[in-house]
Amino acid sequence: MAKLNIAPTKSNLLAIKEQLSVSIEGYDLLEQKREILVMELMRLVEKVKLLEQGIDKCIDKAYPALKRMLMTVGGDRVERIAHAVEYKFNITTKPVVIAGMSFSSIDVDLPKKELFSSFLGTFPDSDEVMIDFFELLTLLTQMASIRTIVWRLAMEVKKTQRRVNALDKMVIPQDTETVKYIESVLEERERDNVFVLKSLKNRQA
(Lines give C-alpha, C1' and ligand atoms only; values in the text may rest on other atoms or scores of the structure.)
Protein backbone atom coordinates (compact mmCIF):
# COMPACT_ATOMS: atom_id res chain seq x y z
CA MET A 1 0.00 0.00 0.00
CA ALA A 2 1.44 3.39 -1.01
CA LYS A 3 1.95 5.96 1.70
CA LEU A 4 0.52 9.47 1.72
CA ASN A 5 2.59 12.10 -0.05
CA ILE A 6 3.28 14.39 2.93
CA ALA A 7 6.38 15.81 4.53
CA PRO A 8 7.92 13.57 7.25
CA THR A 9 7.57 15.98 10.17
CA LYS A 10 6.57 15.49 13.79
CA SER A 11 3.41 17.56 13.35
CA ASN A 12 2.38 15.45 10.35
CA LEU A 13 3.16 12.29 12.32
CA LEU A 14 0.83 13.38 15.12
CA ALA A 15 -1.87 14.30 12.62
CA ILE A 16 -1.63 10.97 10.78
CA LYS A 17 -1.60 9.00 14.03
CA GLU A 18 -4.76 10.82 15.12
CA GLN A 19 -6.34 10.17 11.73
CA LEU A 20 -5.37 6.50 11.95
CA SER A 21 -6.88 6.21 15.42
CA VAL A 22 -10.14 7.76 14.18
CA SER A 23 -10.15 5.44 11.14
CA ILE A 24 -9.67 2.34 13.30
CA GLU A 25 -12.42 3.43 15.67
CA GLY A 26 -14.67 4.22 12.71
CA TYR A 27 -13.95 0.82 11.21
CA ASP A 28 -14.95 -0.94 14.45
CA LEU A 29 -18.17 1.07 14.71
CA LEU A 30 -19.06 0.50 11.06
CA GLU A 31 -18.37 -3.21 11.39
CA GLN A 32 -20.71 -3.36 14.40
CA LYS A 33 -23.32 -1.40 12.44
CA ARG A 34 -22.97 -3.75 9.48
CA GLU A 35 -23.47 -6.81 11.69
CA ILE A 36 -26.57 -5.30 13.29
CA LEU A 37 -28.00 -4.35 9.89
CA VAL A 38 -27.37 -7.84 8.51
CA MET A 39 -29.06 -9.43 11.54
CA GLU A 40 -32.11 -7.17 11.16
CA LEU A 41 -32.16 -7.81 7.42
CA MET A 42 -32.12 -11.58 7.90
CA ARG A 43 -34.89 -11.31 10.50
CA LEU A 44 -37.08 -9.34 8.09
CA VAL A 45 -36.28 -11.69 5.21
CA GLU A 46 -37.60 -14.56 7.34
CA LYS A 47 -40.70 -12.49 8.05
CA VAL A 48 -41.14 -11.90 4.32
CA LYS A 49 -40.95 -15.67 3.71
CA LEU A 50 -43.66 -16.28 6.31
CA LEU A 51 -45.83 -13.54 4.81
CA GLU A 52 -45.36 -15.02 1.34
CA GLN A 53 -46.56 -18.37 2.65
CA GLY A 54 -49.56 -16.67 4.29
CA ILE A 55 -50.38 -14.77 1.10
CA ASP A 56 -50.16 -17.95 -0.99
CA LYS A 57 -52.53 -19.75 1.40
CA CYS A 58 -54.92 -16.79 1.41
CA ILE A 59 -54.91 -16.60 -2.41
CA ASP A 60 -55.51 -20.34 -2.62
CA LYS A 61 -58.58 -19.80 -0.44
CA ALA A 62 -59.90 -16.43 -1.66
CA TYR A 63 -59.89 -16.91 -5.42
CA PRO A 64 -61.60 -20.33 -5.40
CA ALA A 65 -64.25 -18.78 -3.13
CA LEU A 66 -64.72 -15.98 -5.66
CA LYS A 67 -64.89 -18.51 -8.47
CA ARG A 68 -67.53 -20.52 -6.60
CA MET A 69 -69.54 -17.37 -6.07
CA LEU A 70 -69.34 -16.48 -9.77
CA MET A 71 -70.46 -19.97 -10.73
CA THR A 72 -73.31 -19.91 -8.19
CA VAL A 73 -74.88 -16.50 -8.86
CA GLY A 74 -73.34 -15.40 -12.17
CA GLY A 75 -71.07 -12.57 -13.10
CA ASP A 76 -73.80 -9.93 -13.57
CA ARG A 77 -75.24 -10.56 -10.13
CA VAL A 78 -71.78 -10.52 -8.53
CA GLU A 79 -71.17 -7.13 -10.12
CA ARG A 80 -74.48 -5.79 -8.74
CA ILE A 81 -73.59 -7.12 -5.29
CA ALA A 82 -70.17 -5.50 -5.50
CA HIS A 83 -71.74 -2.12 -6.30
CA ALA A 84 -74.24 -2.48 -3.46
CA VAL A 85 -71.67 -3.34 -0.80
CA GLU A 86 -69.34 -0.51 0.21
CA TYR A 87 -66.41 -0.59 2.62
CA LYS A 88 -64.07 2.29 3.35
CA PHE A 89 -60.45 1.53 4.16
CA ASN A 90 -58.16 3.86 6.03
CA ILE A 91 -54.48 3.48 5.14
CA THR A 92 -52.05 5.17 7.52
CA THR A 93 -48.28 5.36 7.93
CA LYS A 94 -46.35 5.15 11.16
CA PRO A 95 -42.65 5.60 11.92
CA VAL A 96 -40.56 2.51 12.62
CA VAL A 97 -36.96 2.54 13.88
CA ILE A 98 -34.77 -0.45 12.97
CA ALA A 99 -31.04 -0.55 13.71
CA GLY A 100 -31.09 3.20 14.31
CA MET A 101 -32.73 3.91 10.95
CA SER A 102 -36.15 5.50 10.53
CA PHE A 103 -38.70 3.93 8.21
CA SER A 104 -42.37 4.40 7.42
CA SER A 105 -44.66 1.42 7.85
CA ILE A 106 -48.05 1.20 6.15
CA ASP A 107 -51.09 0.03 8.09
CA VAL A 108 -54.55 -0.61 6.70
CA ASP A 109 -57.38 0.05 9.12
CA LEU A 110 -60.03 -2.44 8.09
CA PRO A 111 -63.67 -1.50 8.69
CA LYS A 112 -65.87 -3.62 10.88
CA LYS A 113 -66.97 -6.66 8.91
CA GLU A 114 -70.67 -6.81 8.22
CA LEU A 115 -72.66 -9.78 6.99
CA PHE A 116 -74.62 -9.02 3.84
CA SER A 117 -76.39 -12.36 3.45
CA SER A 118 -79.93 -11.87 2.13
CA PHE A 119 -79.20 -8.18 1.62
CA LEU A 120 -80.00 -7.15 -1.96
CA GLY A 121 -79.96 -10.77 -2.99
CA THR A 122 -76.51 -11.57 -1.63
CA PHE A 123 -75.47 -14.99 -0.42
CA PRO A 124 -73.25 -16.43 2.32
CA ASP A 125 -70.65 -16.95 -0.44
CA SER A 126 -70.33 -13.18 -0.82
CA ASP A 127 -69.58 -12.80 2.89
CA GLU A 128 -66.93 -15.52 2.68
CA VAL A 129 -65.30 -13.85 -0.32
CA MET A 130 -65.18 -10.46 1.41
CA ILE A 131 -63.67 -11.94 4.57
CA ASP A 132 -61.01 -13.79 2.55
CA PHE A 133 -60.07 -10.69 0.56
CA PHE A 134 -59.97 -8.58 3.73
CA GLU A 135 -57.34 -10.96 5.04
CA LEU A 136 -55.46 -10.84 1.73
CA LEU A 137 -55.48 -7.03 1.76
CA THR A 138 -54.02 -7.01 5.26
CA LEU A 139 -51.22 -9.40 4.31
CA LEU A 140 -50.40 -7.52 1.11
CA THR A 141 -50.17 -4.24 3.03
CA GLN A 142 -47.78 -5.80 5.53
CA MET A 143 -45.72 -7.23 2.67
CA ALA A 144 -45.49 -3.85 0.95
CA SER A 145 -44.19 -2.22 4.13
CA ILE A 146 -41.67 -4.93 4.95
CA ARG A 147 -40.32 -5.22 1.41
CA THR A 148 -39.70 -1.47 1.30
CA ILE A 149 -37.83 -1.65 4.61
CA VAL A 150 -35.87 -4.73 3.46
CA TRP A 151 -34.81 -2.92 0.28
CA ARG A 152 -33.62 0.14 2.21
CA LEU A 153 -31.81 -2.02 4.75
CA ALA A 154 -30.09 -3.96 1.97
CA MET A 155 -28.93 -0.68 0.39
CA GLU A 156 -27.63 0.52 3.78
CA VAL A 157 -25.76 -2.78 4.29
CA LYS A 158 -24.18 -2.36 0.85
CA LYS A 159 -23.18 1.25 1.59
CA THR A 160 -21.80 0.35 5.02
CA GLN A 161 -19.83 -2.57 3.53
CA ARG A 162 -18.24 -0.24 0.98
CA ARG A 163 -17.15 2.13 3.75
CA VAL A 164 -15.80 -0.78 5.83
CA ASN A 165 -13.85 -2.04 2.83
CA ALA A 166 -12.48 1.41 2.07
CA LEU A 167 -11.18 1.79 5.63
CA ASP A 168 -9.87 -1.77 5.81
CA LYS A 169 -8.26 -1.98 2.37
CA MET A 170 -7.16 1.58 1.70
CA VAL A 171 -7.36 4.23 4.44
CA ILE A 172 -5.99 2.28 7.42
CA PRO A 173 -3.15 0.53 5.50
CA GLN A 174 -2.19 3.82 3.83
CA ASP A 175 -2.12 5.71 7.13
CA THR A 176 -0.19 2.84 8.77
CA GLU A 177 2.46 2.91 6.04
CA THR A 178 2.70 6.69 6.30
CA VAL A 179 3.24 6.50 10.08
CA LYS A 180 5.96 3.90 9.62
CA TYR A 181 7.64 5.99 6.93
CA ILE A 182 7.61 9.23 8.96
CA GLU A 183 8.81 7.44 12.11
CA SER A 184 11.69 5.84 10.19
CA VAL A 185 12.71 9.19 8.68
CA LEU A 186 12.52 10.96 12.05
CA GLU A 187 14.54 8.16 13.72
CA GLU A 188 17.17 8.43 10.99
CA ARG A 189 17.32 12.19 11.49
CA GLU A 190 17.66 11.68 15.24
CA ARG A 191 20.56 9.28 14.73
CA ASP A 192 22.20 11.76 12.36
CA ASN A 193 21.80 14.54 14.92
CA VAL A 194 23.31 12.38 17.64
CA PHE A 195 26.24 11.51 15.38
CA VAL A 196 26.80 15.21 14.53
CA LEU A 197 26.69 16.20 18.22
CA LYS A 198 29.21 13.47 19.13
CA SER A 199 31.49 14.59 16.30
CA LEU A 200 31.34 18.19 17.52
CA LYS A 201 32.12 17.15 21.08
CA ASN A 202 35.07 15.08 19.91
CA ARG A 203 36.49 18.04 17.98
CA GLN A 204 36.13 20.33 21.01
CA ALA A 205 37.83 17.81 23.30
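**Exercise 1. Salt bridges**

The side chains of Asp-168 and Lys-169 form a salt bridge with an N to O distance of 3.7 Å (a salt bridge is a side-chain nitrogen of Lys or Arg within 4 Å of a carboxyl oxygen of Asp or Glu). The model is predicted: local features need pLDDT of at least 70 and side-chain atom pairs count only at pLDDT 80 or more, while totals for chains, interfaces and linings use all residues. Residues are numbered from 1 along each chain as its sequence is written, and side-chain values use heavy atoms, with hydrogens and water left out.

Task: State how exposed Asp-168 and Lys-169 are, and find which residues are joined into one network by salt bridges that share partners.

Solution.
- Step 1. Asp-168 has a relative accessible area of 32% and is partly exposed (buried means under 20% relative accessible area, exposed over 50%, partly exposed in between, with a 1.4 Å probe and protein chains only).
- Step 2. Lys-169, at 56%, is exposed.
- Step 3. The network made by shared partners consists of Lys-33, Glu-156 and Lys-159.

**Exercise 2. A bridge between helices and a bridge within one**

Task: Count the salt bridges, then place the pair Glu-156 and Lys-33 and the pair Glu-40 and Arg-43 in the chain.

Solution.
- Step 1. The count of salt bridges is nine.
- Step 2. In the bridge between Glu-156 and Lys-33, the closest N and O atoms are 2.9 Å apart.
- Step 3. Because Glu-156 belongs to helix 3 (residues 124-204) and Lys-33 to helix 1 (residues 10-73), this pair ties together parts that are 123 residues apart in sequence. Helices (H or I, at least four residues) and strands (E, at least two) are DSSP runs, numbered from the N terminus.
- Step 4. Glu-156 is buried at a relative accessible area of 12%, whereas Lys-33 is partly exposed at 27%.
- Step 5. Glu-40 and Arg-43 also form a salt bridge, at 2.8 Å from N to O. These two residues are three residues apart in helix 1, so about one helical turn separates them.
- Step 6. Both ends of this bridge are partly exposed: Glu-40 has 21% relative accessibility and Arg-43 has 44%.

**Exercise 3. An aromatic pair and its surroundings**

Task: Identify the geometry of the aromatic pair, and list the contacts of Asp-132 beyond its neighbours within four places in sequence.

Solution.
- Step 1. There is one aromatic pair. Rings of Phe, Tyr and Trp (its six-membered ring) pair if their centres lie within 6.5 Å; planes under 30 degrees apart count as stacked, over 60 as edge-to-face and the rest as tilted.
- Step 2. The ring centres of Tyr-63 and Phe-133 are 5.2 Å apart and the planes are at 75°, so the pair is edge-to-face.
- Step 3. Tyr-63 lies in helix 1 and Phe-133 in helix 3, so the pair ties together parts that are 70 residues apart in sequence.
- Step 4. Tyr-63 is partly exposed, at a relative accessible area of 45%; Phe-133 is partly exposed too, at 24%.
- Step 5. Asp-132 is also in helix 3 and is buried, with a relative accessible area of 2%.
- Step 6. Outside those neighbours, Asp-132 is in contact with Cys-58, Lys-61, Ala-62 and Ala-65 (contact means heavy atoms within 4.5 Å).

**Exercise 4. The hairpin**

Task: Describe how strand 1 and strand 2 are joined, and name the bridge partner of Ile-98.

Solution.
- Step 1. Strand 1 (residues 90-98) and strand 2 (residues 101-109) run antiparallel and are joined by nine bridges. Two strands pair if DSSP finds at least two bridges between them.
- Step 2. Ile-98 has Met-101 of strand 2 as its bridge partner, and Val-97 stands opposite Ser-102 in strand 2.
- Step 3. The two strands form a hairpin with two residues between them, and Ala-99 in the turn has a positive phi of about 55°.

**Exercise 5. The whole chain**

Task: Give the order of the elements, and report where confidence is lowest and highest.

Solution.
- Step 1. The chain has three helices and two strands, in the order α-α-β-β-α from the N terminus.
- Step 2. Of its 205 residues, 28% count as buried.
- Step 3. Among the contacts with a separation of 6 or more, 78% are between residues 24 or more positions apart.
- Step 4. The mean pLDDT of the chain is 83, and 84% of residues reach 70 or more (pLDDT is the predictor's confidence in each residue, from 0 to 100).
- Step 5. Confidence is lowest in helix 2 (residues 75-84), with a mean of 74, and highest in helix 1, at 91.
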